[in-house]
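Student: Here's one I'd like to go through with you. Pick the contact between the chains, give me a close look at the charged pairs there, and then follow the thread wherever it leads.

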Amino acid sequence: MSKSYTPGLKILRNTKISKERLLPLRGDVHVSKDLIVNSDTIVASTEIPGNVQMINIANKLNIDAEQILDCVVVKVGDSIIKNQLIAESKGLFGMFKSEVRSPIDGKIINASKITGQIVIAEKPLPINVDAYIPGIIKDIFPKEGVIIDSIGTFVQGIIGIGGEKKGTLEILTDSPSSMINMEMINNDYKDKIIVCGTSINYDFYEKAKKIGVKGIVCGGINYNSVSKILGYSLGVAITGTEKTTTLILTEGFGEINMAQRTFDILLQNNGKKVSINGATQIRAGVLRPEIFIESKKIYENDNFKEDDLIISEGSTIRIIREPYFGQIGQIISLPYELVKMKSETMVRVAEIKFENGNIEIIPRANLEVILSN
Amino acid sequence: MSKNINIILATDCGSTTTKAILIELIDNEYRLTFRGEAPTTVEQPFEDVTRGVLNAIIEIEELSGRKILDNENIINKTSAKEGVDVYISTSSAGGGLQMMVSGVVKSMTGESAQRAALGAGAIVMDILASNDKRMYHEKVKRIRELRPDMVLLSGGIDGGTVSHVVELAEIIKTANPKPRLGIDYRLPIIYAGNKEAQENINDTLKDIVDLIIVPNIRPTLEKENLKPSRDKIHDLFMEHVMAQAPGYNKLTKWTDYPIMPTPGAVGEIIKKIAKIEKISVVGVDIGGATTDVFSVFNDEFNRTVSANLGMSYSICNVLSDAGVDNVSRWIPFKIDSINLTNRIANKMIRPTTIPQTLEDLKIEQALAREALRLSFVQHKEFAVSLKGVQQERTISDTFEQKMSGQTIVNMKNLDLIVGSGGVLSHAPRRAQAMRMLIDSFLPEGITQIAVDSIFMMPQLGILSTFHEQAALEVFHKDCLIKLGTCISSLDKYKKDRKLFSYKIIINKKIIEGEIKSGELKLIKAPLDKYQITITPEKNIDIGYGKNEIFTGKIFGGEVGIVFDGRGRSITFSEDYEERINQISNWSINSNEYPKEV
């Protein structure tokens, strides 16, 4: 049988997760296998090359490019300081010499007799990679990074902005449908990661950001508000580098409440230390935003299985497109034949029974499996 | 070899879906017999493209009753009910082939390099040129940020500048880019510039990259020699990029011919149609992430890829580039902009969903019009009057190209538009595909419109490289759905002014009528050739010059003949209610959508 997969977001308790913590370039790994780390532990570090400046020595000394190596007084690889002499012409009988001095502190990385130029790189920039989640070092990639294993609650959002943040989880409302207002947020939430069950607006986000809230997890927000937050329209869902309060949407764009199941699992972790990441990449190698809270329990959930994404009669699913967007139901049948929708599109469908007892025909492509334990 | 090929299995691994087709020799004719489809599996938790391939093939097995797989091996010895003779594949999964190109002068060698890369099926992320006005450190930073899969370094005619080309190489050396495909991957750099600089380039780059030297892409100002670079890009795509992508090592062992980048394969089939039919063609493939436009005018082939104009992953980029107003103008019902943008953005984050309601379908097709329009604008700007491979150019041509580079896309001379991609091929009504193509490409005069029936041009493109007969037979019989012909006058005129009259014979019946400014009319005419006379009003041009009458034969098709008097470009009413009426009328007249209940 061919298999019918659907996309699915994970909402899991006491699950085991593994995180690769890798450097962008080769560097040093500072931890050893089996070491227990907390989320702030620096596990690896490196330096990325600094900005470069090019100086046309041949032009400045009025010589041919091929002569520059006779005039350059430093070598490739030398560290230099600002205003240090780097090249001088021979002059006439040792007089009327011209000289070139370095405009920056840095290192000589190239001197070319073809182009007559030397290239100076500024000081390298240090890069530190922390553990991000508390756990145990499972494996080491020499000079590249580590894998950390941990057990806890793992919730994926649908899209986010902003990068990795760590803080204490604070739930603002008692249900996913309770409205939030501006008064609910104050300086007490500085450095916290807050959860609003329903959707938020631009003003709420801005106030939270001003207070110093590290992250917001909510059901939805208007697309236009995200554009306003970013200062540009989000054209493709590739995010994570934004220098702002991390925002994670669990459902999507618009005024949508968080799924009860997601809200409940977050509520159970109120006040705990949490690691979140808004980075999203909806292209090949899809990456969804995530929330992780360590638990001390032994994990109950088997690792993710391919079969979990196969829908069958009895599967609990969520509708992810109009006209039943956000509703949860159960598959009661999966007819083989193509069915014509109101749009006249002929599609493979599923017969869904909603929580209110209504039964509807929905394209299989518009279903999302809820991967939950 | 071709005479022994009876059963062909071909797959295309797209960024969202993997499509498999089965072609069989039946009564001495190659025909498409079965088709299967499955989600592409380059993502976690699968991270192996062959899983999607196997699922698509299993669907073919189920539908055809033919046993193709023995566990995970393709059976390549055929009997009546088992195996295939050839298995081939194209791919754009994993983001396709992402390249940077460079040249000394951006509009000369830079553009030649871009043309070579695009022709090979790559996405060109940036053009690095000595005269691009960016500072040295800005160029270095840009290379580091983009992390291309491959770089095509060109510059200088043979015997020309050495220092500028070496400077470009030094910039690359300084950047020392780390490709996106793994920390140990040595970046392939193809050098196709001034042959006098080859030794210096080798000295500069050999220690840090995988340097490959090919003949100069622009040996003289008057000659462009794209083929060696293009071929080498194909080779390296296979050896390096594909080898790094998840599961491709396995897939390359399964295929009987090297895997081609999807756009490169589509380009092959477009070129072949233009050559064999002796016509000018514009082809478009609108995907989830990108839209590719191909054209052949006067034997010159051009391809552009609009990297961020697509119907799912990059749908919000279409919204952003076109603007909400330009999208809304095509929507024949009232919807506020917040609701509209939220719906579009939700498609971006759940890219595999499909429109269940008619409203959602109309919104997607409005977006498609804008994605196609913007991609075609980019194509016209790129397809300029530089000649192709080894063609002599006069000095005056050279100066003309340097000055401006006139587009060679001449809509009056365009014979055929072919559309491909999910939103066109899978449109519930063929009239919708025809309208989307007409509204976005704005053909002038008499132009035939067709779509790829089930999105199989990539597979036929790669097939055409070693079995042209099979590819073309399937293309004409099973792939190309001729929708009909669009007849439109040029320019814009005051509303309701009479533009032209027509007299056409369909099924021995004479049908006569006239078209007014602002009007769109469809006449049903099944696929056949029909005698028509079109008589323009005074000073009106229907593609043959002002006042010139056309008498001849045109094609009908699944949709029919569309008479378009809406002007070039189309004038929309500025009044909101009136505009909705206006586009609703066009929809009704072209049988575009079902009546809403």
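Tutor: Between chain B and chain A, the count comes to four salt bridges. Keep in mind as we go that this is a predicted model. One pair to zoom in on is Arg321(A) with Glu364(B): their side chains meet in a salt bridge, 2.8 Å from N to O. Side chains of opposite charge can pair when their charged atoms come close.

Now for the setting of that pair. On the chain A side, 65 residues are in contact with 61 residues of chain B. The size of an interface is often given as the accessible area lost when the parts come together. For chain B and chain A that buried area is about 5,300 Å², and carbon and sulfur atoms give 56% of it. Over all chains, the structure holds 49 salt bridges.

Let's stay in chain A for a bit. What does the domain assignment of chain A give? You get domain 1 (52-122), domain 2 (158-288) and domain 3 (303-372). Take domain 2 of chain A and domain 3 of chain A: their centres, taken over C-alpha atoms, are 27 Å apart. Five residues from domain 2 of chain A and six residues from domain 3 of chain A make up the contact. Together the two domains bury about 470 Å² between them, with 55% of that on carbon and sulfur atoms. On the domain 2 side, Glu251(A), Ile256(A) and Arg261(A) supply 71% of the area buried against domain 3 of chain A, which is more than any other three residues.

How many salt bridges does the rule find across the interface of domain 2 of chain A and domain 3 of chain A? Just one salt bridge turns up there. As for Glu251(A), it forms a salt bridge with Arg318(A), and the closest N and O atoms are 2.4 Å apart.

Arg318(A) has another partner worth a look: its side chain also meets that of Glu368(A) in a salt bridge, at 3.1 Å from N to O. Arg318(A) sits in strand S21 (residues 316-319) of chain A and Glu368(A) in strand S27 (residues 367-372) of chain A, so this pair ties together parts that are 50 residues apart in sequence. Are these two buried or exposed? Both Arg318(A) and Glu368(A) are buried.

Chain B has a pair of that kind too. Arg115(B) makes a salt bridge with Glu224(B), with 3.3 Å between the closest N and O atoms. Since Arg115(B) lies in helix H2 (residues 106-119) of chain B and Glu224(B) in the loop between strand S11 (210-213) and helix H6 (227-244) of chain B, the pair ties together parts that are 109 residues apart in sequence. Arg115(B) and Glu224(B) are both buried.

Helix H2 of chain B also holds Gln114(B). At 16% relative accessibility, Gln114(B) counts as buried, because the cut-off for that is under 20%. Leaving out residues up to four places away in sequence, Gln114(B) touches Val101(B), Val124(B), Ile127(B) and Phe382(B).

For a pair where the two ends fall in separate classes, try Arg134(B) and Asp126(B), which form a salt bridge with their closest N and O atoms 2.7 Å apart. Arg134(B) counts as partly exposed at 24% relative accessibility, while Asp126(B) counts as buried at 12%. And chain B has a whole network of salt bridges as well, linking Arg369(B), Arg435(B), Asp439(B), Asp564(B), Arg566(B), Arg568(B) and Glu592(B).

Last stop: two phenylalanines in chain A. Phe263(A) is found in helix H5 (residues 260-267) of chain A, and at 1% relative accessibility Phe263(A) counts as buried. Among the residues Phe263(A) touches, not counting those up to four places away in sequence, are Ile171(A), Pro176(A) and Met258(A). Phe93(A) is the counterexample, exposed with a relative accessible area of 81%. You'll find Phe93(A) in the loop between strand S7 (85-88) and strand S8 (99-101) of chain A. With Leu92(A), Met95(A) and Phe96(A), Phe93(A) forms a nonpolar patch on the surface, and the four have about 570 Å² of accessible area together.

Notes. Residues are numbered from 1 along each chain as its sequence is written. Chains are lettered from A and ligands numbered from 1 in the order in which they are written. This is a predicted model: local features need pLDDT of at least 70, side-chain atom pairs count only at pLDDT 80 or more; totals for chains, interfaces and linings use all residues. Side-chain values use heavy atoms; hydrogens and water are left out. Patches are made of residues with over 30% relative accessible area and no salt bridge: like charges are joined within 9 Å, nonpolar side chains (Val, Leu, Ile, Met, Phe, Trp, Tyr) within 5 Å. Accessible areas come from the Shrake-Rupley method with a 1.4 Å probe; for residues, only the protein chains shown count as cover. Helices (H or I, at least four residues) and strands (E, at least two) are DSSP runs, numbered from the N terminus. Buried means under 20% relative accessible area, exposed over 50%, partly exposed in between (1.4 Å probe, protein chains only). Domain bounds come from an automatic or database domain assignment. Contact means heavy atoms within 4.5 Å. Buried area is the accessible area (1.4 Å probe) that two parts lose on being put together, summed over both.
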